[in-house]
Amino acid sequence: MDVSLTLWVLTIAGLCALIAADFFIGRKPHDVSVKEAGAWTVVWIVLAALFGLGLLFFAGGQPAGEFFAGYITEKSLSVDNLFVFVLIMAKFAVPSQYQQRVLLFGVLIALVLRAIFIAAGAAIIASFAWVFYIFGAFLIWTAWKLIQEARAEEHDEEFEENRLLKAAERRFGVADRYHGTKLFIQQNGKRIMTPMLVVMLAIGTTDVLFALDSIPAIFGLTQDPYIVFTANAFALMGLRQLYFLIGGLLRKLVHLSYGLSIILGFIGVKLVLHALHESGVHVPEISIPFSLGFIVVVLAVTTVTSLMASKKQAAAEKRDEEHIDA
């Protein structure tokens, strides 16, 4: 796509307006109900769909297909982020009424950091076509790692702060309790951070680790920076509501890692084939419609098998309890 500076400015301004509206509506700290989370989740999905349809109308089927494939991929990968978000909330004992504010600003930090990653990735791809080999190999390795972790059932039960976060805490100091939605307070004549700011930084900076595989993954579906950015933006901006909507269902998605590993491996192979094609080797390339269909089918099968396995496990646990009581 030939995206003008004006369109970039209008798009970013539109996204900022949506974020501002989201913040204004939920500015008062409160516990988010399932109904509220469900309504906002639908709103963000509809907005993403309308944006994709706009691309279809003004730019054609190819950009629209790339956007939807990228959006669904980023959305599915972002669900995996929610497991870590739950750990972070527990680690910092975030009061329930403040969790939506934490997630809003945490996601905004993540979006800014991802924009930097996307700009860097686009610049590298434009200058060095061989980087597709690296991206492809990295995604295939990540897919294998996910499978190994899923088979070993190695899930971290506690969030560990990264070095950047620890450095910020040492530099500014941290209050021993929450002070509403304040980010800084004065204590003993010194300006220090509140736990509210620390947990926001934790969510934002932790997302960078997830971007290490999600950004190469979407570049495997499209090399258009505009589509990469907007797909990431819509996927991330609906993540906060998704956290409250499916928080209780996360543990039931027992096969999610397998589904994500298949998707990442598939995109990795697609990137390698694309790199070979760019090098003059006659190999088949995987089309966007096929990619989109493959991703949707994998996610659908993964969800169904996960729920079936969880239901079977719950029934087995119930029988064990009844046997013990008897």
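The following exchange between a trainee and a mentor walks through a predicted model of one chain.

Trainee: Before we start, what should I know about how the model is numbered and treated?
Mentor: Residues are numbered from 1 along each chain as its sequence is written, and side-chain values use heavy atoms, with hydrogens and water left out. Because this is a predicted model, local features need pLDDT of at least 70 and side-chain atom pairs count only at pLDDT 80 or more, while totals for chains, interfaces and linings use all residues.

Trainee: How many helices and strands does the secondary structure of the chain come to?
Mentor: Helices (H or I, at least four residues) and strands (E, at least two) are DSSP runs, numbered from the N terminus. Along the sequence they follow the pattern α-α-α-α-α-α-β-β-α-α-α-α-α, and the count comes to eleven helices and two strands.

Trainee: What percentage of the residues in the chain is buried?
Mentor: Buried means under 20% relative accessible area, exposed means over 50%, and partly exposed is in between (1.4 Å probe, protein chains only). Of the 326 residues in the chain, the buried ones make up 46%.

Trainee: In which sense do strands β1 and β2 pair?
Mentor: Two strands pair if DSSP finds at least two bridges between them, and β1 (residues 184-187) is joined to β2 (residues 190-193) over four bridges. Within this pair Phe184 stands opposite Met193, and Gln186 stands opposite Arg191. The sense of the pairing is antiparallel.

Trainee: Which residue takes a positive phi in the hairpin of β1 and β2?
Mentor: The hairpin has two residues between the strands. The one with a positive phi, near 55°, is Asn188.

Trainee: Why are the buried residues of α1 said to be on the same side, and what arc do they cover?
Mentor: Helix α1 (residues 5-25) has 21 residues, and its buried residues are Thr11, Leu15, Ile19 and Asp22. The arc is that of the directions from the helix axis to the C-beta atoms, and on the other side of α1, Leu5, Thr6, Leu10, Phe24 and Ile25 are exposed. The buried residues Thr11, Leu15, Ile19 and Asp22 are on the same side of α1 because they cover an arc around the axis of only 70°.

Trainee: Is Thr222 buried or exposed?
Mentor: Thr222 is found in the loop between α7 (195-219) and α8 (225-237). Its relative accessible area is 1%, so Thr222 counts as buried.

Trainee: Which side chain does a polar contact of 2.7 Å join to that of Thr222?
Mentor: A polar contact is a pair of N or O atoms within 3.5 Å; within protein, one must be able to donate a hydrogen and the other to accept it, and residues adjacent in sequence count only if both atoms are side-chain atoms. Contact in general means heavy atoms within 4.5 Å, and, leaving aside neighbours within four places in sequence, Thr222 is in contact with Ile227 and Val228 among others. The side chain that shares the polar contact of 2.7 Å with Thr222 is that of Glu66.

Trainee: How far apart in space are Arg240 and Leu104, C-alpha to C-alpha?
Mentor: Arg240 lies in helix α9 (residues 239-246) and counts as buried at 7% relative accessibility. Leaving aside neighbours within four places in sequence, Arg240 is in contact with Asp22, Gln100, Leu103 and Leu104. Although Arg240 and Leu104 are 136 residues apart in sequence, their C-alpha separation in space is 6.5 Å.

How values were computed: The expected span of a helix is 1.5 Å times one less than its number of residues.
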